Amino acid sequence: MIIRNNRFWIAGLFGLFLFGINSYSADSWMEGVVSEIVDGDTIKVRLAIKPDINSASQYIPASLMDYESEMPGVVAIRLSQIDAPELTQSYGSNARKNLFEKILNKKVRIIEEGQRGTPGLMSARVWYYGENNRLTELNKLLVYEGMAWVDKFSTDEELKTVENDVKKNNRGLFAQGNPMTPWMFREKREKRQHKIPSFKNCADIGKSCRKMENCKQA
């Protein structure tokens with residue numbers, strides 16, 4: 001009975017990945033083709049340009065201009081609600097490779113979510129067209145596969161439930177035991193980059209810090 005319930009739960013979980021955008025109006029989403037995989041949770045998409053209803057020309061909505069990269073019509077997107085390991089972290093290259101194999105050159109549907117963070121970077125939910133042209137939500141799938149954490153600021157309780165299950169079953173990056181979260185990794189990296197040298201031993205050479213002549217003395 002327990003096994004049967006688990007099967008129903010898993011089936012329901014995958015059902016949530018599919019066709020989860022019916023409640024959105026046609027004007028609230030965009031489509032395009034993935035042109036680049038930056039890392040495990042950041043991609044670039046070449047948008048499908050829609051015909052302007054008021055003219056025969058084609059256009060990109062003005063609201064997207066702030067997001068365009070160096071290539072016209074291409075936007076950089078960070079997958080919302082999740083946080084994949086940094087490229088220089090353990091499992092970072094695995095997460096990027098997984099995304100590369102899954103969606104590069106694939107058609108995707110995008111729904112912007114949340115406020116703009118990094119300038120020029122859109123935060124969004126992304127669905128990709130998979131087998132039989134079915135839409136699959138990428139953000140949730142990456143968490144389910146153990147390729148990303150739920151972002152520390154996320155309020156998505158459904159995603160957190162998925163993550164807890166992944167941790168219990170040691171899937172993906174959680175097979176490492178107790179992996180460092182990317183936000184902790186970034187915090188430690190930031191501290192190293194801005195580390196201020198200590199001059200507490202200045203007195204040992206009989207000079208104040210201001211009187212030191214070179215780096216060797218310091």
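A residue is called buried here when its relative accessible area is under 20%, and Asn98, at 13% relative accessibility, therefore counts as buried. The structure described is a predicted model, and the points below take up its charged pairs, two buried polar residues, one helix and its nonpolar cores. The salt bridges number 19, several of them sharing partners in one network that includes Asp83, Glu86 and Arg186, while the largest nonpolar core has 33 residues.

**Salt bridges around Arg186**

- Asp83 and Arg186 meet through their side chains in a salt bridge, with an N to O distance of 2.7 Å; this pair connects distant parts of the chain, since Asp83 lies in strand E6 (residues 82-83) and Arg186 in helix H5 (residues 182-193), 103 residues apart.
- The two partners differ in their exposure to solvent, for Asp83 is buried with a relative accessible area of 1%, whereas Arg186, at 27% relative accessibility, counts as partly exposed.
- Arg186 also forms a salt bridge with Glu86, in which the closest N and O atoms are 2.7 Å apart; here too distant parts of the chain are linked, with Glu86 in the loop between E6 and helix H2 (92-103) and 100 residues separating the pair.
- Glu86 has 18% relative accessibility, and because the cut-off for buried is under 20%, Glu86 counts as buried.

**A further pair, and the network**

- Lys140 and Glu137 form a salt bridge as well, their closest N and O atoms being 3.9 Å apart, and this pair falls within the definition because the limit between nitrogen and carboxyl oxygen is 4 Å.
- Both of these residues are buried, Lys140 at 9% relative accessibility and Glu137 with a relative accessible area of 2%.
- Through salt bridges that share partners, Asp41, Arg78, Asp83, Glu86, Asp151, Arg186 and Arg189 are joined into one network.

**Buried polar residues: Asn98 and Glu31**

- Asn98 is found in helix H2, and its C-alpha atom is separated by 9.8 Å from that of Asp39, a residue 59 places away along the chain.
- When neighbours within four places in sequence are left aside, Asn98 is in contact with Leu142, Glu145 and Met147; with Glu145 there is also a polar contact of 3.3 Å between the two side chains.
- Glu31 lies in strand E1 (residues 30-39) and, at 13% relative accessibility, counts as buried.
- The side chain of Glu31 makes two polar contacts described here, one of 3.4 Å with the side chain of Lys107 and another of 2.4 Å with the side chain of Tyr129.
- Not counting residues up to four places away in sequence, Glu31 touches Leu47, Ala48, Lys107, Val108, Arg109 and Tyr129.

**Helix H4**

- Helix H4 (residues 157-168) has 12 residues, which at 1.5 Å a residue should span 16 Å, and the distance of 17 Å between its end C-alpha atoms agrees with that expectation.
- The buried residues of H4 are Leu159, Val162, Glu163 and Val166; seen down the helix axis, these buried residues fall within an arc of 100°, so they line one face of H4.
- Glu157 and Lys168, on the other side of H4, are exposed.
- At the start of H4, a side-chain oxygen of Asp156 comes to within 3.1 Å of the backbone nitrogen of Glu158, and after the helix follows Asn170, whose phi is positive, near 50°.

**Nonpolar cores**

- Within the largest nonpolar core, of 33 residues, those with the most contacts are Ile43, Val45, Ile77, Ile103, Ile110, Leu138 and Leu142; helix H3 (residues 138-144) supplies the largest share of this core, 5 residues.
- Val45, one of those residues with the most contacts inside the core, is in contact with Gly32, Val33, Val34, Ser35, Gly73, Val74, Val75, Ile77, Val108 and Ile110, neighbours within four places in sequence being left aside.
- A second, separate core of 5 residues includes Trp29, Ile111, Trp127 and Leu135.

Key: Residues numbered from 1 in each chain as written. Predicted model: local features only at pLDDT ≥ 70, side-chain atom pairs only at ≥ 80, totals over all residues. Heavy atoms only, no water. Helix = DSSP H or I, 4+ residues; strand = E, 2+ residues; numbered from the N terminus. Buried < 20%, exposed > 50% of the residue type's maximum accessible area, 1.4 Å probe, protein only. Expected span 1.5 Å × (residues − 1). Arc of directions from axis to C-beta. Polar contact = N/O pair within 3.5 Å; in protein donor to acceptor, adjacent residues only side chain to side chain. Contact = heavy atoms within 4.5 Å. Core = buried A, V, L, I, M, F, W, Y, C linked by side-chain atoms within 4.5 Å.
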